[in-house]
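Work through the exercises below with the sequence and the coordinates at hand. Each task comes with a stepwise solution.

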Amino acid sequence: MHPTKQTQKKLEATEMWFLRRMLRISWTAKKTNDTVLEEAHTTRLLISKIRKRQATFFGHVMRREKLENLVTTGMLEGKRSRGKQREKLIEGLTDWLKAGKSLEAIEATKDRKKWRTMIANAVKQGT
């Protein structure tokens, strides 16, 4: 699932809260997020780690070709629910991986080396 802007902001705020707690910086201290990141000698990594783990799990599920595969791709029979449809996991991953179409991403999961290089390139770009 591709995080929305609101969810992404909450995740970034949580990550900064974790860092401030680990560095024992008081919440009343007037330190910017940039200075906290410099003090910790790190960058924001939480969202990219979440996306990487989602992508590796997706590749695992797609190679198994069981019920999880059908659920993940949305190829189930029956009626759709009313209202705006939720974004599927594959749609968010194809945006992040810049794979173009979701079919390209599904085909790439069959070849582990290709899938891993796609994930590694997306992580390097830092999106």
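Accessible areas here come from the Shrake-Rupley method with a 1.4 Å probe. On that basis, the accessible surface of the chain is about 10,000 Å², and carbon and sulfur atoms hold 54% of it. The model is predicted.

**Exercise 1. Describe the fold in outline: which elements does the chain have, and in what order do they run?**

Solution.
- Step 1. Count the elements. The chain has 7 helices and 0 strands.
- Step 2. Read them from the N terminus. The order is α-α-α-α-α-α-α.
- Step 3. Take the burial. Of the 127 residues in the chain, 27% are buried.
- Step 4. Take the contacts between residues at least 6 apart in sequence. Of these, 55% join residues at least 24 apart.

**Exercise 2. Check the length of α3 against the expected span.**

Solution.
- Step 1. Find the limits. Helix α3 covers residues 46-64.
- Step 2. Get the expected span. It is 1.5 Å times one less than the number of residues, so the 19 residues of α3 should span 27 Å.
- Step 3. Compare. The end C-alpha atoms of α3 lie 28 Å apart, which agrees with the expected value.

**Exercise 3. Which residues of α3 are buried, and where do they sit around the axis?**

Solution.
- Step 1. Apply the cut-off. Buried means under 20% relative accessible area.
- Step 2. List the hits. In α3 they are Ile47, Ser48, Arg51, Ala55, Phe58, Gly59, Val61 and Met62.
- Step 3. Look down the axis. These residues span an arc of only 165°, so they are on the same side of α3.
- Step 4. Turn to Arg64, which also lies in α3. Its relative accessible area is 43%, so Arg64 is partly exposed.
- Step 5. Look across from Arg64. Lys110 is 46 residues away in sequence, yet the two C-alpha atoms are 9.6 Å apart in space.

**Exercise 4. Classify the aromatic pairs: how many are there, and what is the geometry of each?**

Solution.
- Step 1. Set the rule. Ring centres must lie within 6.5 Å; planes under 30 degrees apart are stacked, over 60 edge-to-face, and the rest tilted.
- Step 2. Count. The rule gives 2 aromatic pairs.
- Step 3. Take Trp17 and Phe18. Their centres are 5.7 Å apart and their planes meet at 55°, a tilted pair. Phe18 is partly exposed, with a relative accessible area of 40%.
- Step 4. Take Phe58 and Trp115. Their centres are 6.0 Å apart and their planes are at 45°, so this pair is tilted.
- Step 5. Place the second pair. Phe58 is in α3 and Trp115 is in α7 (residues 112-125). The pair links distant parts of the chain, 57 residues apart.
- Step 6. Check the cover. Phe58 and Trp115 are both buried.

**Exercise 5. Find the salt bridges: how many are there, and which residues form them?**

Solution.
- Step 1. Recall the principle. Side chains of opposite charge can pair when their charged atoms come close.
- Step 2. Apply the cut-off of 4 Å between a side-chain nitrogen of Lys or Arg and a carboxyl oxygen of Asp or Glu. The count is 2 salt bridges.
- Step 3. Take Glu12 and Arg44. Their closest N and O atoms are 3.8 Å apart. Glu12 is in helix α1 (residues 5-22), and Arg44 is in the loop between α2 (33-40) and α3. The two are 32 residues apart, so this bridge links distant parts of the chain.
- Step 4. Check their exposure. Glu12, at 26% relative accessible area, is partly exposed. Arg44, at 34%, is partly exposed.
- Step 5. Take Glu39 and Lys31. Their closest N and O atoms are 2.9 Å apart.
- Step 6. Check exposure again. Glu39 is partly exposed at 37%. Lys31 is partly exposed at 35%.

**Exercise 6. Where do Arg24 and His41 lie, and are they buried or exposed?**

Solution.
- Step 1. Recall the background. Most residues other than glycine have a negative phi.
- Step 2. Take Arg24. Its phi is positive, about 55°, although Arg24 is not a glycine. Arg24 lies in the loop between α1 and α2. At 77% relative accessibility, Arg24 counts as exposed.
- Step 3. Take His41. Its phi is also positive, about 55°. His41 lies in the loop between α2 and α3. At 73% relative accessibility, His41 counts as exposed.
- Step 4. Add Glu65. Just after α3, Glu65 takes a positive phi of about 55°.

Notes:
Residues are numbered from 1 along each chain as its sequence is written. This is a predicted model: local features need pLDDT of at least 70, side-chain atom pairs count only at pLDDT 80 or more; totals for chains, interfaces and linings use all residues. Side-chain values use heavy atoms; hydrogens and water are left out. Buried means under 20% relative accessible area, exposed over 50%, partly exposed in between (1.4 Å probe, protein chains only). Helices (H or I, at least four residues) and strands (E, at least two) are DSSP runs, numbered from the N terminus. Contact means heavy atoms within 4.5 Å. The arc is that of the directions from the helix axis to the C-beta atoms.
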